[in-house]
Amino acid sequence: MKIRILSRNPRLYSTSRLVEAAKKRNHEVEVIDPIKCDLIIEKKKPSIFYKNHFLDDTDAVIPRIGASVTFYGTAVVRQFEMMGTFTTTESQALVRSRDKLRSLQILSRARLGLPKTVFTNYSKDVTEILEHVGGAPVIIKLLEGTQGLGVVLAETQNAAESVIEAFNGLQARVIVQEFIKEAGGADIRAFVVDGQVVGAMKRQGKEGEFRSNLHRGGSASVIQLTDEEENAAIKAAKAMALGVAGVDMLQSSRGPLILEVNSSPGLEGIEAATGKDIAKTIIRYIERNV
């Protein structure tokens, strides 16, 4: 098969591992920078032009679309879909996953456990917002934040009010979530491919840090999921219509609580923690579907 990986940087760990895995299984593979693609739209013949050649011979694409290029990257994925090309992440699912608020609404409809969350249109009644999530401490998140950026732990009522008012003053949209104390600054990343959990790790924030993101100095270790956690991860990926997903959740006294479903989950942390060849699993997912 001819597989193309949509990535802006071929040297990234996840991209290079997918290239390696595809070549090991005797596929042709090329890394394509999505923002350098020209989309040619005409009756019955959609096509993509890239670096002096057409990409009409593509059997499958693996989108690794960064948050900063979501709009154009999604348009490229959609064009491949119009051309009848299989994609490991569908364009509509990618768009939904990048919208934190929409994602939470979808997961809520699927009856999945979530931290209690409030979103308002720059409401000035901050006290009421905090009451809805059980009072301070609370987590305040920018809707557009990634990799733990734009996430604040407000430990007191006054701190929460100050942060929310500051974001409102900047017209930055935020969601306010209850703080799950028993999680202890840790979360779980379950990696789902084609409706199956293929690896899971527990990420622990460094001392004094409530965010467990590996980009922020957190550590990762392999974890055996409970049946409830595994079912929640599979159900979350299905609700978001993602063939490949990183499902982040907290362990709480009322069961697993979904934080986020990532449509371009990194491979480095999960492969290091579990020792599993996740890249190969993604390539095999393509083989079953093309």
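**A tour through sheets, helices and one loop**

Begin by selecting strands E1 and E6 (residues 60–63), which run parallel and are joined by 4 bridges. What you have open is a predicted model, and the stops below follow its elements one after another. Within this pair, pick out Arg-4, which stands opposite Val-61 in E6.

Next, widen the selection to the whole sheet around this pair, an open sheet of 4 strands in the order E2-E1-E6-E7, with parallel pairing. At its edges stand strand E2 (28–32) and strand E7 (86–87), and because each has a single partner strand, one side of each is left without a neighbour in the sheet.

Now add the helices that lie across these strands. H1 lies across E1, E2 and E6, and runs at about 160 degrees to E2, while H2 lies across E1, E6 and E7, running at about 160 degrees to E1.

Before leaving E1, follow the chain into the loop between strand E1 (2–6) and helix H1 (13–24), where Arg-8 lies. Is Arg-8 buried, exposed or partly exposed? With a relative accessible area of 44%, Arg-8 is partly exposed. Leaving aside residues up to four places away in sequence, Arg-8 touches Asp-33, Pro-34, Ile-35 and Val-69. If you show side chains here, you will find that the side chain of Arg-8 makes a polar contact with the side chain of Asp-33, at 3.2 Å. Switch to C-alpha atoms, and those of Arg-8 and Ile-35 are separated by 7.9 Å, although the two residues are 27 residues apart along the chain.

Select now the open sheet of 3 strands, whose order is E3-E4-E5 and whose pairing is antiparallel. Strand E3 (38–40) and strand E5 (53–54) stand at its edges, each with a single partner strand, so one side of each is left without a neighbour in the sheet. Between E3 and strand E4 (residues 47–50), which run antiparallel, there are 3 bridges, and Asp-38 stands opposite Phe-49 in E4. Helix H2 appears again at this stop, since H2 lies across E3 and E4 and runs at about 40 degrees to E3.

Keep helix H2 (residues 70–82) on screen and add helix H3 (residues 91–98): the two pack at an angle of about 160 degrees, with their axes 8 Å apart. That angle makes H2 roughly antiparallel to H3. On the H2 side, the contact is made by Thr-70, Thr-74, Val-77, Arg-78 and Glu-81, and on the H3 side by Ser-91, Leu-94, Val-95 and Arg-98. Sorted by class, the contact of H2 with H3 has 3 nonpolar, 3 polar and 3 charged residues.

For the last stop, move along the chain to strand E12 (residues 186–193). How many of the residues of E12 are buried? The count is 8 of the 8 residues, so E12 is largely enclosed by the rest of the structure. Ala-186, Ile-188, Ala-190 and Val-192 point one way from E12, whereas Asp-187, Arg-189, Phe-191 and Val-193 point the other way, and all are buried.

With E12 still selected, add strand E13 (residues 196–204), which pairs with E12 in the antiparallel sense over 8 bridges; here Ala-186 stands opposite Gln-204 in E13. E12 and E13 form a hairpin with 2 residues between them, and Asp-194 in the turn has a positive phi of about 55 degrees. Finally, add strand E15 (residues 244–250), which runs antiparallel to E12 and is joined to E12 by 6 bridges, with Ala-190 standing opposite Val-247 in E15.

Note on methods: Residues numbered from 1 in each chain as written. Predicted model: local features only at pLDDT ≥ 70, side-chain atom pairs only at ≥ 80, totals over all residues. Heavy atoms only, no water. Axes fitted to C-alpha atoms, helices over the stretch in contact; angles between N-to-C directions. Parallel < 35°, antiparallel > 145°, perpendicular 65-115°, else oblique. Contact = heavy atoms within 4.5 Å. Nonpolar A, V, L, I, M, F, W, Y, C, P; charged D, E, K, R; others polar. Buried < 20%, exposed > 50% of the residue type's maximum accessible area, 1.4 Å probe, protein only. Polar contact = N/O pair within 3.5 Å; in protein donor to acceptor, adjacent residues only side chain to side chain. Pairing = 2+ DSSP bridges.
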